[in-house]
Structure formats: structure tokens, C-alpha cells
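Work through the following exercises with the sequence and the coordinates open beside you. Each task is followed by a solution that goes step by step.

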Amino acid sequence: MKRIMFYSLVALQIIFVLVLVFQFERITSNGDEIEILTKMEYSNDDYYYDLIDTAYPEYEINDIPEGRWSSEKEDVSYNDKVYVLLKKSHDDFYKVETASTKKVVASGDDQVVVIGRTDYASNSNEPIRVNYDFNKIEDIEQFGEFKNNQTLKVTLLVSQYGQYKITNVEAVK
Amino acid sequence: MNKSKLKHEGTKWVEDGVISDQQLTTILSRYEKKDASYLLIILATLLVSIAVLTFVFSDWAQVPHISRIIVMLVFMSGLYFLGNYFYEKKSQAYGVSLLLLAYIFFGATMFLTLMIYNVPLHSTWPFAIWSVVGLGLFALYKHPYILLVGLLVTLSGQIYSGLAFTSGDLYILAIYVLGYFHFVYHYPKVLLNYVFALGLAIQLLIVTLAFEQQYYWLILYFLVMYGLSVVINKASLKKALLSVSLLSVFIVKIAEVFMLQEDYDLDRFILSLLFIVLLAIVWLVVLNVKWFTEDKSEVIDLILFVPLFFLPGSFIFVIISMFLFSLYWLITSIKYQLSDRLLYGIIGFLLSVFTVYIQYAWEAMNKSLFFLIGGLLLFGISFIFGKQRHSIEKESDGGDEK
């Protein structure tokens with residue numbers, strides 16, 4: 001009896017991890033591909049991204065403009081989980097459509113939901129900044145040589161669990 | 001059984017005629033000398049495991065591919081089977097350490113999977129799974145160290161939730177209170193009981209802060225914990241819950257003294273009617289149970305759980321309540337020689353004095369002087385009480401000798 005329990009406990013752990021792995025492997029086939037644009041960084045020192053290990057680009061979609069909140073802006077505090085609905089715009093880049101602390105579902109092929117966390121509690125009328133996990137790009141040099149003051153087009157796959165996979169980075173003139 | 005010690009004692013028994021020489025030989029032959037090669041195996045396993053873990057964070061391993069996870073899972077299973085074998089056949093202690101290593105591997109594998117596939121965490125579900133597996137592991141082997149590690153894993157989950165998401169995880173709290181409490185209750189061991197009680201207090205604190213509840217809810221939660229200590233019969237768990245709940249509510253009182261004077265905190269203070277009603281009910285129930293089933297003299301503890309914030313100049317009343325509690329126990333336990341309650345009295349008194357000192361002397365004096373005088377004050381008080389205790393003991397000793 002104890003034997004069976006032991007084997008099942010170990011087996012369950014293995015199966016659980018394998019299920020996770022299979023779910024995550026599916027992003028290449030099931031994930032939605034989006035292209036987003038980085039913001040222009042105005043700084044005096046420019047450097048190539050291959051000089052640093054990890055790149056932290058700022059995206060346009062990091063800012064949620066005033067009118068785009070579908071839930072109450074006052075309810076939002078620091079480090080809250082936010083669902084951001086992105087919509088493909090006319091230039092093929094995805095921009096912020098609405099943001100909410102309640103779950104949002106994408107409707108339509110040109111819409112995608114990403115998950116972020118708020119950066120600070122809103123006290124002013126400035127757009128609230130939202131952080132995404134893909135603000136951090138490791139090994140950016142696998143996509144090419146970039147400088148920090150270039151505008152970059154980042155292509156990534158996103159899935160419903162918030163999983164992401166960066167597939168390409170290009171400089172935009 | 002230590003064979004050499006047995007041999008030494010055995011020869012003495014033979015000399016005294018308790019057993020015959022032949023009997024000694026028969027007994028000794030039953031005990032094999034402990035095989036020191038176990039230690040080598042454990043060390044070897046440990047080293048290889050560390051090698052695998054460090055390798056896992058290398059560039060090769062960070063590639064999102066199932067092969068990396070397979071390697072981790074193979075090692076985890078290997079450790080589980082090795083641990084089980086050792087536990088059943090050779091030595092429980094070594095077996096448990098291998099099993100726990102495997103358990104850690106499970107958590108590490110989960111987190112590695114999340115890391116390499118870039119899956120962001122927005123809740124602490126891996127900790128919840130890890131915690132439940134810990135319960136299962138303990139149900140299988142019933143070894144206290146397993147429960148200890150499980151408790152710590154669960155607590156880490158809650159702490160992580162508080163730090164990373166500024167939110168409290170109620171699922172983890174539920175697993176802790178329903179699952180782990182059940183086991184801690186039935187397998188009483190002092191260390192486990194205290195870890196459980198402390199972990200519970202910390203989790204309640206995180207949950208209260210993270211859900212931005214008013215601080216006074218902590219008083220209710222700790223009162224429930226105190227009430228638990230009243231109804232539970234297992235001695236060490238009872239004491240652990242008692243000490244931790246009293247200490248926790250005392251710390252809340254100290255914070256309360258200063259919060260009730262800060263405009264920032266007073267502005268954000270909202271009184272909840274639900275809280276008052278619940279607190280009143282629980283307080284009266286605990287009072288009744290304590291009064292009729294236990295030592296009536298201990299009812300003074302409940303003074304710490306009375307809300308005083310509605311009184312004018314409330315912080316002074318809080319300080320008074322702290323002193324009443326501490327002085328009562330100091331005097332009562334010195335008089336009736338209750339050693340464990342004496343500790344509550346001493347600590348309570350020292351903390352109360354410190355609070356008053358910070359309250360009134362912080363602004364007026366040089367900071368270093370504050371620490372100096374504070375330290376001297378504490379020495380003086382403990383010296384006086386030590387002397388009093390000593391003289392009382394001396395009296396009673398003198399009485400015994402007569």
C-alpha cells in the first residue's frame with residue numbers, strides 16, 4: 001500500500017512537470033504573434049546592446065493613456081495585476097486598446113491580451129506605467145546588433161497564460 | 001545501538017554475574033557495526049546534486065527544451081527512489097535527507113520550467129503545489145523534518161506572495177491551516193509547534209497588510225489563535241500558540257501606541273462594525289471558556305485584546321494595558337513561582353518600558369544616550385528581579401531544609 005502511494009506521489013510530480021512543459025512548448029503553434037514598437041530613448045550616452053547582458057527596452061505599450069482604462073483608475077495601486085487589451089493598428093503594430101484590473105478577453109483576430117503590473121499609484125493625470133515581463137530581453141544579440149537609442153520593432157509570441165517568446169528584433173528607421 | 005559501548009557495559013555485566021560470557025557474545029553478534037560508507041554515498045549524492053543544480057543555471061540549460069527538464073526529472077526521481085530505499089532498508093536519517101533533496105528538486109524543476117519558457121508568475125500557485133506535495137510526503141513517511149520543510153515551503157510561498165505581488169494568498173493560508181495544522185496537531189514536537197505558530201502569525205500579518213485591512217483585524221486574528229491555545233489539549237502546541245499569540249498581539253500594541261498618534265494613520269482609520277461585533281463575540285467566548293475550564297488567574301491575558309482606540313488619548317490606555325499585563329504576571333509569577341509565566345511578565349515589562357521610553361525620551365535626549373540609558377535600565381530591572389527571585393528561592397529552600 002505504501003509502495004503504491006510512494007510510486008504515485010513521484011509519478012504525479014513527474015507528470016505535473018511534463019504537463020507544464022507540453023503546455024509551454026505549444027506556444028510556437030498556438031501563440032499569437034504580435035509586433036510592438038519601442039519608445040525613443042533620448043539619452044546622451046548611446047551604447048550597443050551587446051555590451052550589456054540583458055536589454056530593457058521601453059515599449060509604447062508600457063504607457064496606458066488616460067482614457068483607456070475600463071475599470072476605475074482610482075482603484076489601481078502599486079504592483080497591481082493589469083490585463084491590457086492590445087489591438088493591431090493600421091501600421092501593423094499593436095497598440096493599447098483598453099486596460100483593466102478585471103479579466104479581459106480578446107475578441108477578434110486583431111486583438112490580444114497581455115498581462116502586466118502597474119508601476120506606481122496614479123496621483124496625476126499622467127498615463128499609468130505598466131511593466132511587462134518582456135520588458136527584459138536576454139541575449140538580444142542573437143537578433144542582431146542594436147543600440148539603446150534606436151527604435152526597435154520587437155516580434156513576440158504571447159499566450160493566454162502570459163507566456164511570451166521573443167522571436168525577432170529589428171531596427172526601424 | 002553503539003556496539004563498542006554495549007561491549008563495554010556487557011563486560012561489566014558479565015563481571016557482576018548478570019549474564020554469562022556466552023550470552024554476551026550472542027548479544028554482541030546481533031549488532032553490526034555501523035557502516036560508515038553510508039556517509040560517503042550521501043556526500044557523493046549531495047555533490048552530484050549541487051553539480052546538476054549549478055549546471056541547470058548555465059547557458060546550455062537555459063535553452064527552452066524538454067531535454068533540460070528531463071534531466072532534472074531523472075535526478076529528482078533518482079533521489080526519491082534512493083531516499084526511499086535508504087529510509088526503508090538502511091537508515092531513516094539519511095533516507096529523509098535524500099527525500100528532502102528530491103522534494104527541493106521538485107520545486108526547483110517547477111521554477112526552472114517557468115523560467116526557461118518565459119512564463120511570468122502572477123500568483124504563487126507553484127508554491128501551493130509544492131506545499132501539497134509536502135503534505136503527501138509527510139503522510140507517507142511521518143518524519144518530523146519533512147513536516148518542517150513543508151511548513152517552511154508553505155510559509156515562503158506566502159512571503160513571496162506578499163513581497164512580489166503585494167497580495168496575500170488565501171489558498172496557501174488554507175493549505176497551511178487545514179492541512180499542516182492537522183499534522184502538526186497529531187505529531188507534537190516542540191520545534192514543529194513553534195515553527196507552525198510563528199508561521200501562522202507571519203502569514204496572518206502578510207494577509208492583513210496585503211489586503212490592506214485595518215491593523216486592528218490582527219487583534220482579532222491573534223485572539224482566535226489565543227482561543228485555539230485555550231481549547232487545544234496537546235501541551236506543547238498549546239504553549240506554542242499561547243506564546244506566539246501573546247507576543248504577536250503585544251507587538252501590535254506597541255505599533256498601535258505610535259500609530260494612534262500619527263495623523264497619517266489616524267486619517268486612514270476606518271472603524272468596521274463587523275470587526276467590533278466579531279471581536280466582542282470571540283472575546284466573550286474565550287473569556288467564558290478560559291474562566292470555567294482553566295486557570296482563572298490567566299484571564300488577565302485578555303486585556304491585551306480589548307480595543308482601546310476609541311478612547312480619547314487612546315495611546316496612553318494602550319500603554320497602561322501593556323503595563324497591567326506585564327506587572328500582573330511579574331508579581332503573580334514571582335509570588336507563586338510560575339516560571340514560564342514569569343518570562344511573559346519580564347519580556348512584557350521590558351517591552352512596555354522601552355515603548356514608554358521611546359514615547360517620551362526620544363525627542364528630548366541624544367540618541368546614543370537613549371540607548372545607553374535604555375540598556376542600563378534593562379540591566380537594572382533584570383538585576384532587581386533576579387535578586388528578588390533568588391531571595392524567594394532561598395527562603396523556600398531554607399523552609400524545605402527545616
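Helices (H or I, at least four residues) and strands (E, at least two) are DSSP runs, numbered from the N terminus. This is a predicted model, in which local features need pLDDT of at least 70 and side-chain atom pairs count only at pLDDT 80 or more, while totals for chains, interfaces and linings use all residues. Residues are numbered from 1 along each chain as its sequence is written, chains are lettered from A and ligands numbered from 1 in the order in which they are written, and side-chain values use heavy atoms, with hydrogens and water left out.

**Exercise 1.** Describe the surroundings of Lys87(A), beginning with the element that holds it.

Solution. Lys87(A) belongs to strand 4 of chain A. For accessibility, buried means under 20% relative accessible area, exposed over 50%, and partly exposed in between (1.4 Å probe, protein chains only). Because its relative accessible area is 30%, Lys87(A) falls in the partly exposed class. Contact means heavy atoms within 4.5 Å; when neighbours within four places in sequence are set aside, Lys87(A) is in contact with Phe93(A), Tyr94(A), Lys95(A), Glu97(A), Asp110(A) and Gln111(A). Finally, Lys87(A) and Thr98(A) are eleven residues apart in sequence, and their C-alpha atoms lie 8.9 Å apart in space.

**Exercise 2.** Characterise chain A and chain B by their elements, burial, contacts and surface, taking each chain in turn.

Solution. Chain A has two helices and ten strands, and its order from the N terminus is α-α-β-β-β-β-β-β-β-β-β-β. Of its 173 residues, 41% are buried, and 64% of the contacts in chain A with a separation of 6 or more join residues 24 or more positions apart. Accessible areas come from the Shrake-Rupley method with a 1.4 Å probe, and for residues only the protein chains shown count as cover; chain A exposes about 9700 Å², with 49% supplied by carbon and sulfur atoms.

Chain B, by its own count, has 16 helices and zero strands. Its 402 residues are 43% buried, and 68% of the contacts in chain B between residues at least 6 apart in sequence join residues at least 24 apart. The accessible surface of chain B is about 21300 Å², and 69% of that belongs to carbon and sulfur atoms.

**Exercise 3.** What are the angle and the axis distance for helix 10 and helix 13 of chain B, and which residues meet?

Solution. Axes are lines fitted to C-alpha atoms, for helices over the stretch in contact, and angles run from 0 to 180 degrees between N-to-C directions. Helix 10 (residues 217-231) and helix 13 (residues 273-293) of chain B pack at about 20°, and their axes are 10 Å apart. Angles under 35 degrees count as roughly parallel, over 145 as roughly antiparallel, 65 to 115 as roughly perpendicular and the rest as oblique, and helix 10 and helix 13 of chain B are therefore roughly parallel. Residues of helix 10 of chain B, including Trp217(B), Leu220(B) and Tyr226(B), meet residues of helix 13 of chain B, including Phe275(B), Trp283(B) and Lys290(B). By class (Ala, Val, Leu, Ile, Met, Phe, Trp, Tyr, Cys and Pro nonpolar; Asp, Glu, Lys and Arg charged; the others, Gly among them, polar), this contact has 16 nonpolar, one polar and one charged residues.

**Exercise 4.** How do helix 4 and helix 5 of chain B pack?

Solution. Helix 4 (residues 66-90) and helix 5 (residues 92-116) of chain B pack at an angle of about 165°, with axes 7 Å apart, and helix 4 and helix 5 of chain B are therefore roughly antiparallel to each other. The contact of these two helices of chain B has 22 nonpolar, six polar and one charged residues.

**Exercise 5.** Locate Asp92(A) and Thr166(B), and state the phi of each.

Solution. Most residues other than glycine have a negative phi. Asp92(A), though not a glycine, has a positive phi of about 75°; Asp92(A) lies in the loop between strand 4 (81-88) and strand 5 (94-100) of chain A and, with a relative accessible area of 43%, is partly exposed. Thr166(B), also not a glycine, has a positive phi of about 40°. The loop between helix 7 (144-165) and helix 8 of chain B holds Thr166(B), and a relative accessibility of 34% makes Thr166(B) partly exposed.
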